[in-house]
Amino acid sequence: MTSLSLLILIFIFAGWVSLWVLKPTEFWTRIWKGMEAKASTTAFGYNSLDFVVFTFPLILLSIIGFIYLELKRGEPRNRLGRKTPLTALSNPLLVNRYIGILSGAQILTSSLFIMLIIWTFYVRISNDLKKMTPLKSFKLSLWQYKLFRMATRCGLLSEACLALLLLPVLRGMSIFRFLGIQFEASIRYHIWLGSAMILFATLHGGGTLLVWGIKHRIQDEMWKWQKKGRIYLAGEIALATAFVMALTALPQIRRKWFQLFYYTHHLYVVFILFFLFHGGDRHFYTVFPGVFLFALDKLLRVVQSRPETCILSARVFPCKAIELTLPKDPRLKYAPTSVVFLNIPSISKLQWHPFSIISSSSVDEHSISVIVKSEGQWTSSLHSKITHAEEQDLEEDQRGCIPVAVEGPYGPASMELLRYNNLLLVAGGIGVTPFLSILRELSCSMSSGRNAYPHRIHLLYTIKKSQDVCLLDPILPLLLDIKQFHTKLSVFVTRENQIGTTLRDVLNEVPEAQTTNFSTAGTTYAVHGPERLAWMAAVTAVSSVMFLVSLVVFNHFVITPAAIQKNPSSQTDLLLVCSFAIAIIFAAIMAITLRWKRVTNKLQLFSDKQTKAVKQSSLEASRDLDEHDIHFGGRPIFQDLISTFARETGGSDIGVFVCGPQGMKESVALACRQPRVSQRNAKGKRANFSFHSLSFTL
């Protein structure tokens, strides 16, 4: 069934792409006009035809994607197999400080999209130049006419970018989840598409304004809100809104004033609405799939994060990091490297921040844990709140409950790390958090013998100060039993110089983390996670059907075929918005009902006693700790370290997972591509590296 679902997904996607290739041609225009003429005389109207052809394929792709993920989840999590040509495409092919790390798959996808853009523009312009019909309202010369048509066609290119813009940021939908694309890569696609959309929209608006200026028609045309055709004022408002969002999303502004970026980015509602009024309903149906799925995704995430739970306990590390422990329904399972989004209303009711889960659902059945490093304004406020409660030195039942809303977990559909014979984990600073969950999950698998597991694991951990090594405390028992878990640790401290200091000495000198337990009197709810994938597929399917039914009703009773030519085009657009609102309201009712049944029927009562116990291992009694090493005063030379690891493993499939600063990721990616890194060993085997970049920030 899994293979059948995958074939159906490929077939639908191929058909959708073919539609975009044929759309600019005269052949498609002739066919489409005939189909639309026939549909207009039926009760369904041309609206339903546009929806079924341009919108529904992506929605159907999402529905079947949920089914595929549900079937894949039920498969046994065994070793996935050796390196294949498809997995080779995920390796870094281009590493550049300006554009980052690009894999073969990303370069191929980007190239195909650029080719589609060029093809669309070329065919459209060629058809326009063949017709060369002079405009009635403008008496344009040949070059002015060409410029005007090129500006108009740039608007269609902007529309193509907008059609894909929202798909990469669908957290709960299946579009990117069944492709196994990481959060970091999906955000990069979103940024690329947004930048391209702004560029083409600027060329569209700027070229049009230039022609108007040449003909002295700017004042007459710029402020028009026409009853029919393109509403120019709506397009100008949409373009101005896009500029505001793009400006505040620049890295320099986003990192320094995150709240400004966060709040202005919600202007997408204004942008999409005025784009609808500017382009009209026929053009909007190509953009509508992303908008519809994004609205459903947002709705399901809002419902999922209710009701709120509370923090069970917090461990304050000396490096200004806090480990938060939250209650979890024991039925909730997630894969390592999964991410949750947290919202603490007492700090900000609107801000959500992503954090990697450090716990394992196979080990911790009743709790879920994350580590938060105090770096920004929101995390600093959380650190102050926790430390203030600790300094008060009150009894556990006197410490107030800290409500927290949780969205997720979101993570890979399968344990990708089981594909490899050996693992090389490279972490920088707080970037070690995804690897904590990986190591804990693997230790559980090794102990129970459920799955095949990597033969050797090497964790390279780069930190600025030696006290930051305290973040390894959750996996310290695994490091103290290296013979059983085959895990080696190499720590690199970049801003300190110490001679003769061992890892044992550093761990003995680091102050012990302080644990604070909080009251749970404010709520009795645990983290339940997203709805079942089958139910999410049902909500998506039913809501899309409701949208289509609403269109048919409005088309039959409000806008009859005879009245289409008389009514303003904005009225048709408003009815499309009403149909969209009806579908979303119906989806909200379904989602709230499902969440209510899940919370009431599967409620996991908890108490402070369920907080996980932290086992203090005896560092002095462990000899295995001496197998690990620590280096001071410099950054690791990844090329030498990776080459050594390849020789030690005897030439095999090696999974390289990196989480940390961008410069570190680029260095590791370059090291994996060096020829001498993959030299053959004495037995003639060559090490195959598969690079994976992990991230939980924007």
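This report covers salt bridges, surface patches, annotated membrane segments and unusual backbone geometry in a predicted model.

## Salt bridges

Side chains of opposite charge can pair when their charged atoms come close. The count here comes to 15 salt bridges. Three of the pairs are listed below.

| Positive residue | Negative residue | N to O distance |
|---|---|---|
| Lys 23 | Glu 159 | 3.7 Å |
| Arg 315 | Asp 473 | 2.6 Å |
| Arg 331 | Asp 329 | 3.8 Å |

Start with the salt bridge between Glu 159 and Lys 23. Glu 159 sits in helix α6 (residues 142-165) and Lys 23 in the loop between α1 (2-22) and α2 (26-40), so the pair ties together parts that are 136 residues apart in sequence. Both Glu 159 and Lys 23 are buried.

Next comes the salt bridge of Arg 315 with Asp 473. Arg 315 belongs to strand β4 (residues 313-316), and Asp 473 to the loop between β11 (456-463) and α16 (476-479), so this pair links parts that are 158 residues apart in sequence. Arg 315 is buried because its relative accessible area is 7%, under the 20% cut-off. Asp 473, at 23% relative accessibility, counts as partly exposed.

Arg 331 pairs with Asp 329. How do the two partners compare in burial, buried or exposed? Arg 331 is exposed at 55% relative accessibility, while Asp 329 is buried at 2%. Elsewhere, salt bridges that share partners join Arg 171, Asp 297, Arg 301 and Glu 407 into one network.

Arg 331 also has a distant sequence neighbour in space. Its place is in the loop between β5 (321-327) and β6 (339-343). The C-alpha atoms of Arg 331 and His 528 are separated by 7.9 Å, although the two residues are 197 apart along the chain.

## Surface patches

Lys 320, Lys 464, Lys 465, Arg 495 and Arg 635 form a positive patch on the surface. Arg 495 lies in the loop between β12 (487-493) and α18 (503-509). At 60% relative accessibility, Arg 495 counts as exposed. Lys 320 is exposed too, at 52%.

A nonpolar surface patch is made of Phe 13, Val 17, Val 21 and Trp 119, with about 320 Å² of accessible area together. Which element gives the most to the nonpolar patch? Helix α1 does, with three residues. Trp 119 is found in helix α5 (residues 104-131). Trp 119 is partly exposed, with a relative accessible area of 35%.

Leu 6 is also placed in helix α1. At 35% relative accessibility, Leu 6 counts as partly exposed. Its C-alpha atom is separated by 8.2 Å from that of Gly 65, and the two residues are 59 apart along the chain.

## Annotated membrane segments

An unreviewed UniProt entry lists residues 43-69, 98-122, 150-170, 191-211, 231-250, 257-277, 533-554 and 574-594 under "transmembrane region". In the model, residues 98-122 are 76% helix and 16% strand. The end C-alpha atoms of that stretch are 30 Å apart. Residues 533-554 are 100% helix and 0% strand, with end C-alpha atoms 32 Å apart.

## Backbone geometry

Most residues other than glycine have a negative phi, and most peptide bonds are trans. Several sites in this model depart from that pattern.

Where does a cis peptide bond lead into Pro 307? The bond comes from Arg 306, with omega near 0 degrees. Pro 307 lies in the loop between α13 (281-304) and β3 (309-310). The peptide bond from Gly 408 to Pro 409 is cis as well, with omega near 5 degrees. Pro 409 is in strand β9 (residues 403-410).

Lys 320 is not a glycine, yet has a positive phi of about 60 degrees. Lys 320 occupies the loop between β4 and β5. This residue is also one of the members of the positive patch.

Thr 337 has a phi near 70 degrees, again a positive value in a residue other than glycine. Thr 337 is found in the loop between β5 and β6. Is Thr 337 buried or exposed? Thr 337 is buried, with a relative accessible area of 14%.

Notes. Residues are numbered from 1 along each chain as its sequence is written. This is a predicted model: local features need pLDDT of at least 70, side-chain atom pairs count only at pLDDT 80 or more; totals for chains, interfaces and linings use all residues. Side-chain values use heavy atoms; hydrogens and water are left out. Patches are made of residues with over 30% relative accessible area and no salt bridge: like charges are joined within 9 Å, nonpolar side chains (Val, Leu, Ile, Met, Phe, Trp, Tyr) within 5 Å. Accessible areas come from the Shrake-Rupley method with a 1.4 Å probe; for residues, only the protein chains shown count as cover. A salt bridge is a side-chain nitrogen of Lys or Arg within 4 Å of a carboxyl oxygen of Asp or Glu. Lys and Arg count as positive and Asp and Glu as negative; His and the chain ends are not counted. The place of a charge is taken as NZ of Lys, CZ of Arg, CG of Asp or CD of Glu. Helices (H or I, at least four residues) and strands (E, at least two) are DSSP runs, numbered from the N terminus. Buried means under 20% relative accessible area, exposed over 50%, partly exposed in between (1.4 Å probe, protein chains only). UniProt positions are given in the numbering used here, feature names are shortened, and annotations may be inferred rather than shown by experiment.
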